[in-house]
There are 2 protein chains.
Amino acid sequence: MKQRCTIALDAMGGDHGPDVVVAAALSYLADNAHAELILVGNEERITRILGDASRERLRIRATTQEVAMDEAPSKALRNKKDSSMRVAIDLVKNGEAQACVSAGNTGALMSTARFVLKMLPHVDRPAICTAVPSLHGHTHMLDLGANVDCTAEHLFQFAVMGSELICAVDGVDRPRVGLLNIGQEEIKGNEQVKQAHELLTRSGLNYIGHVEGDGIFLADVDLVVADGFVGNVALKSSEGVAKFIGNSLKHQFKRTWYTRLAGLIAMPVLKNFRRTMDPRRYNGASLLGLRGIVVKSHGGADAIAFENAIYIAEKEILANIPQRIGEQVGRHLVGSDQYQETA
Amino acid sequence: MKQRCTIALDAMGGDHGPDVVVAAALSYLADNAHAELILVGNEERITRILGDASRERLRIRATTQEVAMDEAPSKALRNKKDSSMRVAIDLVKNGEAQACVSAGNTGALMSTARFVLKMLPHVDRPAICTAVPSLHGHTHMLDLGANVDCTAEHLFQFAVMGSELICAVDGVDRPRVGLLNIGQEEIKGNEQVKQAHELLTRSGLNYIGHVEGDGIFLADVDLVVADGFVGNVALKSSEGVAKFIGNSLKHQFKRTWYTRLAGLIAMPVLKNFRRTMDPRRYNGASLLGLRGIVVKSHGGADAIAFENAIYIAEKEILANIPQRIGEQVGRHLVGSDQYQETA
């Protein structure tokens, strides 16, 4: 039997708010008797959407404010102390919930989580980490946009955190860590990447070296480390290509009566293909480095996608991620100091 | 009738050397009576591959050295003065050819071209620019790896150069220019991107603002500007996803007898789809900002892909790209100075 866990959901975040979050919550609870959820948000709207549904292991925590998707993080932090997002994070802070999930404004979620929960010792900045489908199953990537200017030390901390996440959640013994870089000789990499390469090379991590953009999807690597600007561009570009290809394929099957017929016959194959590529199966990014578990769902997530993000939060609770990361970061930093002293 | 033009081909560059380059040259010449090619490289090997083929409008320029694909650019520049790459660029410098195409080592090609041909006035650095397929046809991107640390001024120069290339080669009147950025509020962009945004906003370019990674393939934009690190990662990530998707699709069609049959029936559609996505149709990246035309082919290019790169060189000759870029960069820089004085 799984360990009991309680997860707070920001019911008002994302493009669809409580419509999606409530549906995801009910579906998740039906399959997980060990879990309890707290829906944080506008009580009236949530109650209306819940209707006659069973409220077993489900609580509502009423709030009066919402953080807009385009609101400046500093403003949200200052003025929205009774927002669904803030209160969901507060519940993690005061121990009522062990994790929270939000599809809201990424910047506001980051700032608020950092302000309320605080960073783990030795971690300078939180990083956003998610899995993407790849040739050998999936690859984790971080940072995906929390930090636009990173030092080599930040990249190294990201590597330690991501590695530990994969270790705990995927059960991979020594995750293969790659550093995102470009391939040209001499003009290879910027200063931060060069220095991070040095730090990783002499670390205890299973560092496999540089990975180019295509390696995220093709290389035998478990974790790809990048600064937030580069990581975000890599992720978004990939999403763009995938959409474009899907669109073109659909278009090709709609051109003539023959291609339409071929499309009908190939439908089961195409559906299966689409299922394995379904971005909803990968929805849910972890904010790593905090003294608490926060999972960011895609703003446009539907109920299936949002439920996936709840499962990610659950996995992190069961694996005790913040504590594990705290221990590992400490160990690796002490380790690298010792290395420098003896080197 | 097209204007007469002469293009020098580095016959020894790339993974396949003269096998690919000679085949591409013959195919190109057969269709282009106005053009003349110079094959630069190992005379004996080239002659053997040419065999009985017609040598009309085809010359060989014998060289004794080759630049290795992994050779340090500075070493190539210093020690390989009779390499096929160097001599092909020399031919452009001394006017024997109006452009050169190489599938060799990108870093060495960049350094050598810069050293031999020199930069255009007002341009600090060359940028690598290529087209990628997109929802509305294709989108040009630059820089793709020539410059890892760019200032706002560099990004601005890239925008002017890319814009002029599209204007001349695609016949687009005022190309829509986007600046690659990430979407998170407040943490939006790094310093260079923020400043480049200012420069572009008050420029005479048709600047449409920030574009996220997915916009390269989905947005209504003709040119996406980024520093070389980010641009390279975006391009390579996209290539990786496309390969991964192609691979998964193939796998899905091979699973059972039904899916194999469906695959056979859908074959014409899938082939057509693959043709529209064919990276060979987009092979050939322009090195912009130099006082001469240099086109970089993918190292792994086959003859069809390499021939496409020759066509890109031809287009740039007919459009007189270096001169046009020189004029535009001068005009835009003077323009922005005036703006600052009157602002």
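**Exercise 1. Which backbone nitrogen does a side-chain oxygen of B:Asp302 reach at the start of H11(B)?** Then work along the helix to the residue that follows it.

Keep in mind that this is a predicted model.

Step 1. Begin at the start of the helix: a side-chain oxygen of B:Asp302 comes to within 3.2 Å of the backbone nitrogen of B:Ile304.

Step 2. Now get the extent of the helix. H11 of chain B covers residues 303–319, which is 17 residues. From first C-alpha to last it reaches 24 Å, close to the 24 Å expected at 1.5 Å a residue.

Step 3. Sort out the buried positions. Among them are B:Ala305, B:Phe306, B:Ile310, B:Ala313 and B:Ile317. The buried list also includes B:Glu307, B:Glu314 and B:Glu316, along with B:Asn308.

Step 4. Step off the end. B:Asn320 follows H11(B), and its phi is positive, near 55°.

**Exercise 2. Check the overall build of chain A: how does its radius of gyration sit against that of a compact globule?**

Step 1. Take the 343 residues of the chain; a compact globule with that many would have a radius of gyration near 20 Å.

Step 2. Compare: chain A has 21 Å, so the value agrees with the globule rule.

Step 3. Add the box. Along the principal axes, the C-alpha atoms fill roughly 65 × 60 × 45 Å.

Step 4. Look at what fills it. Chain A has 12 helices and 11 strands, and buried residues account for 57% of its residues.

Step 5. Ask how far apart in sequence the contacting partners are. Of the contacts between residues at least 6 apart, 70% join residues at least 24 apart.

Step 6. Finish with the surface: about 14000 Å² is exposed, with 50% of that supplied by carbon and sulfur atoms.

**Exercise 3. Is A:Thr112 buried or exposed, and which residues does it touch?**

Step 1. Locate A:Thr112: it belongs to helix H5 of chain A, residues 106–117.

Step 2. Apply the cut-off. Buried means under 20% relative accessible area. A:Thr112 has 4%, so it counts as buried.

Step 3. List the neighbours, skipping residues up to four places away in sequence: A:Leu77, A:Met85, A:Arg86, A:Ile89 and A:Leu117.

**Exercise 4. Put a size on the contact between the two chains: how many residues of chain A are in contact with chain B?**

Step 1. Count residues: 65 from chain A are in contact with 66 from chain B.

Step 2. Choose a yardstick. Interface size is often given as the accessible area lost when the parts come together.

Step 3. Read off that area. About 5600 Å² is buried between chain A and chain B, and carbon and sulfur atoms give 73% of it.

Step 4. Pick out the top contributors on the chain A side. A:Phe229, A:Phe244 and A:Val269 supply 12% of the area that chain A buries against chain B, more than any other three residues.

**Exercise 5. Go through some backbone oddities: which residues does a cis peptide bond join in chain A?**

Step 1. In chain A the cis bond links A:Leu142 and A:Asp143, with omega about 0°. A:Asp143 sits in the loop between strand S6 (137–142) and helix H6 (152–170).

Step 2. Turn to chain B. A cis bond joins B:Leu142 and B:Asp143 there, with omega about -5°. B:Asp143 is in the loop between S6 (137–142) and H6 (152–170) of chain B.

Step 3. Check for positive phi outside glycine. A:Arg57 has phi near 55° and lies in the loop between helix H2 (43–50) and strand S3 (58–62).

Step 4. Do likewise for A:His122, where phi is near 70°. A:His122 is in the loop between H5 and strand S5 (127–134). With a relative accessible area of 45%, A:His122 is partly exposed.

Note on methods. Residues are numbered from 1 along each chain as its sequence is written. Chains are lettered from A and ligands numbered from 1 in the order in which they are written. This is a predicted model: local features need pLDDT of at least 70, side-chain atom pairs count only at pLDDT 80 or more; totals for chains, interfaces and linings use all residues. Side-chain values use heavy atoms; hydrogens and water are left out. Helices (H or I, at least four residues) and strands (E, at least two) are DSSP runs, numbered from the N terminus. The expected span of a helix is 1.5 Å times one less than its number of residues. Buried means under 20% relative accessible area, exposed over 50%, partly exposed in between (1.4 Å probe, protein chains only). A polar contact is a pair of N or O atoms within 3.5 Å; within protein, one must be able to donate a hydrogen and the other to accept it, and residues adjacent in sequence count only if both atoms are side-chain atoms. The radius of gyration is taken over C-alpha atoms; the globule rule is 2.2 Å times the number of residues to the power 0.38. Contact means heavy atoms within 4.5 Å. Accessible areas come from the Shrake-Rupley method with a 1.4 Å probe; for residues, only the protein chains shown count as cover. Buried area is the accessible area (1.4 Å probe) that two parts lose on being put together, summed over both.
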